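Visitor: I am new to protein structures and would like to learn how to read one. Could you walk me through some features?

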Amino acid sequence: MNQIHKPSLLIDASIYIFQYYFALPDHWFSEKESWPTAAVYGYTNFLIRLLKEQRPERAAVCFDESLESCFRNDIYTQYKSSRVLPDESLAFQLAACKKVTSLLGFTTFASKTHEADDLLGSLYQSLRRSKKPIAVLTRDKDLGQIILREQDFLWDYSAVNEDQGKKSSNTINPYIEKGIKYYPCDIEQKFGVRPQQLSDYLALVGDISDDIPGVPGVGKVTAKSLLGHFANIEAILSNVDEIGALSIRGGKGLIEKIIAHKEQIVMAKKLATIVTTLPLITAVDDLVLKKPSLIQYQKFCKEMGFPRLHNSIDFLLAKN
């Protein structure tokens with residue numbers, strides 16, 4: 001493996017925790033106080049597999065802890081209002097997942113005012129000081145807006161690529177074969193807009209998963225057409241009269257809709273835009289993986305009820 005091509009990893013923890021939370025039955029594992037730990041088991045296995053297969057030099061894991069307290073809720077009270085708060089059982093497992101992440105040597109980040117997306121976006125900007133590629137491990141394609149260099153990519157690491165013989169659209173990291181990767185060109189192909197236009201796109205069509213309202217009657221095709229002509233929302237609002245000259249069905253009615261929902265569109269873009277300016281690290285080497293503590297890790301596994309993972313990090317200790 002050519003070290004110069006090894007990417008720094010930025011991991012969206014919640015995506016993978018919830019994957020195992022819903023996939024594994026709780027009765028498989030139990031902690032000494034009878035809390036379910038199936039999600040912790042699945043997530044821990046995921047991290048160990050990732051470390052074995054990729055041997056990253058730098059990595060960070062970001063957690064969501066801002067539900068109801070995010071700055072976006074101050075902008076729009078209904079933001080993510082349909083999300084259900086974690087019950088005690090899930091809260092226990094989320095805390096345990098954060099703990100094992102640190103025990104395995106990863107640097108972790110969480111915030112009461114900003115979401116994991118903002119933490120990932122800010123770390124991405126800091127890592128751009130390095131010429132090495134950056135991989136953002138997530139299943140959330142909205143994070144594509146932060147991917148600005150051709151060698152960087154979103155990585156759905158747990159996904160199975162049904163067409164194993166298909167070559168990636170980008171060959172800068174040819175040794176990476178696991179999961180599905182989305183480089184900037186792939187993101188543009190999927191959404192029909194450039195990565196830096198994704199927040200503009202969502203401001204027009206809305207985002208049901210985050211309860212961000214869209215403009216009534218403006219769907220994906222119309223949004224793509226608008227952003228194919230205008231660079232962003234600001235350009236659309238400043239030159240709204242030009243819409244009538246575009247080959248978009250119902251151009252006159254579209255102008256009226258845009259004008260009528262101007263304030264909502266501006267607000268929606270604020271909600272959809274990932275913050276990339278949080279001062280989380282001072283140098284890229286702040287994310288170098290740390291040597292794990294075997295004793296603490298084994299104690300954690302015993303408490304969680306999966307002793308078979310006791311010796312699963314021997315390869316990390318041998319490397320160091």
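Guide: We will look at helices, the way they pack, and a few single residues. Please keep in mind that this is a predicted model.

Visitor: Let us start with a single helix. How many residues does α2 have, and how far does it reach?

Guide: Helix α2 has 17 residues and spans 24 Å from its first C-alpha to its last, close to the 24 Å expected at 1.5 Å a residue. You can try the same reading on helix α4, residues 88-103. With 16 residues, α4 reaches 23 Å, close to the expected 22 Å.

Visitor: Is α2 mostly covered or mostly open?

Guide: Mostly covered: twelve of the 17 residues of α2 are buried. Among them are Ala-38, Val-40, Tyr-43, Phe-46, Leu-47, Ile-48 and Leu-51. Here is the general idea for reading such a list: an α-helix has 3.6 residues a turn, so residues three or four places apart point the same way.

Visitor: Which residues of α4 are buried?

Guide: The buried residues of α4 are Ser-89, Leu-90, Gln-93, Leu-94, Ala-96, Cys-97, Val-100, Thr-101 and Leu-103. Their packing partners are α1 (13-23), α2 (38-54), β2 (59-62), β3 (107-109) and α12 (294-304).

Visitor: So α2 is a partner of α4. How do I describe two helices that pack together?

Guide: Two packed helices are described by the angle between their axes and the distance between the axes. For α2 and α4, the axes come within 9 Å and cross at roughly 25°. An angle under 35 degrees counts as roughly parallel, and α2 and α4 are therefore roughly parallel to each other. The crossing of α2 past α4 is right-handed. On the α2 side, the contact is made by Ala-38, Ala-39, Val-40, Tyr-43, Thr-44 and Leu-47, while α4 brings Gln-93, Ala-96, Cys-97, Val-100 and Thr-101. Sorted by class, the residues of this contact between α2 and α4 are eight nonpolar, three polar and no charged.

Visitor: At what angle do α2 and α12 pack?

Guide: They pack at about 150°, with their axes 11 Å apart. The cut-off here is over 145 degrees, and α2 and α12 are therefore roughly antiparallel to each other. Their crossing is left-handed. Val-40, Thr-44 and Ile-48 of α2 meet Tyr-297, Phe-300 and Met-304 of α12. This contact of α2 with α12 has five nonpolar residues, one polar and no charged.

Visitor: And how are α7 and α11 oriented to each other?

Guide: Helix α7 (residues 198-205) and helix α11 (residues 262-272) pack at about 130°, and their axes are 8 Å apart. α7 and α11 are therefore oblique to each other. The crossing of α7 past α11 is right-handed. Ser-199, Asp-200, Leu-202, Ala-203 and Leu-204 from α7 make the contact with Ile-265, Ala-268, Lys-269 and Ala-272 from α11. By class, the contact of α7 with α11 has six nonpolar, one polar and two charged residues.

Visitor: Now for single residues. What should I know about the phi angle?

Guide: Most residues other than glycine have a negative phi, and most peptide bonds are trans. In this model, Lys-80 has a positive phi of about 55° although it is not a glycine. Lys-80 sits in the loop between α3 (71-75) and α4. Asp-211, also not a glycine, has a positive phi of about 60°, and its place is the loop between α7 and α8 (220-229).

Visitor: What about the residues that follow a helix?

Guide: Arg-55 follows α2 and has a positive phi near 45°. Just after α4 comes Gly-105, with a positive phi of about 100°.

Visitor: Is Lys-80 buried or exposed?

Guide: Buried, with a relative accessible area of 13%; the cut-off for buried is under 20%. Compare Arg-49, which lies in helix α2 and is partly exposed at 27%. Leaving aside neighbours within four places in sequence, Arg-49 is in contact with Tyr-20, Tyr-157 and Lys-178.

Visitor: Which residues does Glu-188 contact?

Guide: Apart from neighbours within four places in sequence, Glu-188 is in contact with Val-193 and Arg-194. Glu-188 belongs to helix α6 (residues 184-191) and is partly exposed, with a relative accessible area of 38%.

Notes: Residues are numbered from 1 along each chain as its sequence is written. This is a predicted model: local features need pLDDT of at least 70, side-chain atom pairs count only at pLDDT 80 or more; totals for chains, interfaces and linings use all residues. Side-chain values use heavy atoms; hydrogens and water are left out. Axes are lines fitted to C-alpha atoms, for helices over the stretch in contact, and angles run from 0 to 180 degrees between N-to-C directions. Helices (H or I, at least four residues) and strands (E, at least two) are DSSP runs, numbered from the N terminus. Angles under 35 degrees count as roughly parallel, over 145 as roughly antiparallel, 65 to 115 as roughly perpendicular and the rest as oblique. A crossing is left-handed if the near helix is turned anticlockwise from the far one by less than a right angle, and right-handed if clockwise. Contact means heavy atoms within 4.5 Å. Ala, Val, Leu, Ile, Met, Phe, Trp, Tyr, Cys and Pro count as nonpolar, Asp, Glu, Lys and Arg as charged, and the others, Gly among them, as polar. The expected span of a helix is 1.5 Å times one less than its number of residues. Buried means under 20% relative accessible area, exposed over 50%, partly exposed in between (1.4 Å probe, protein chains only).
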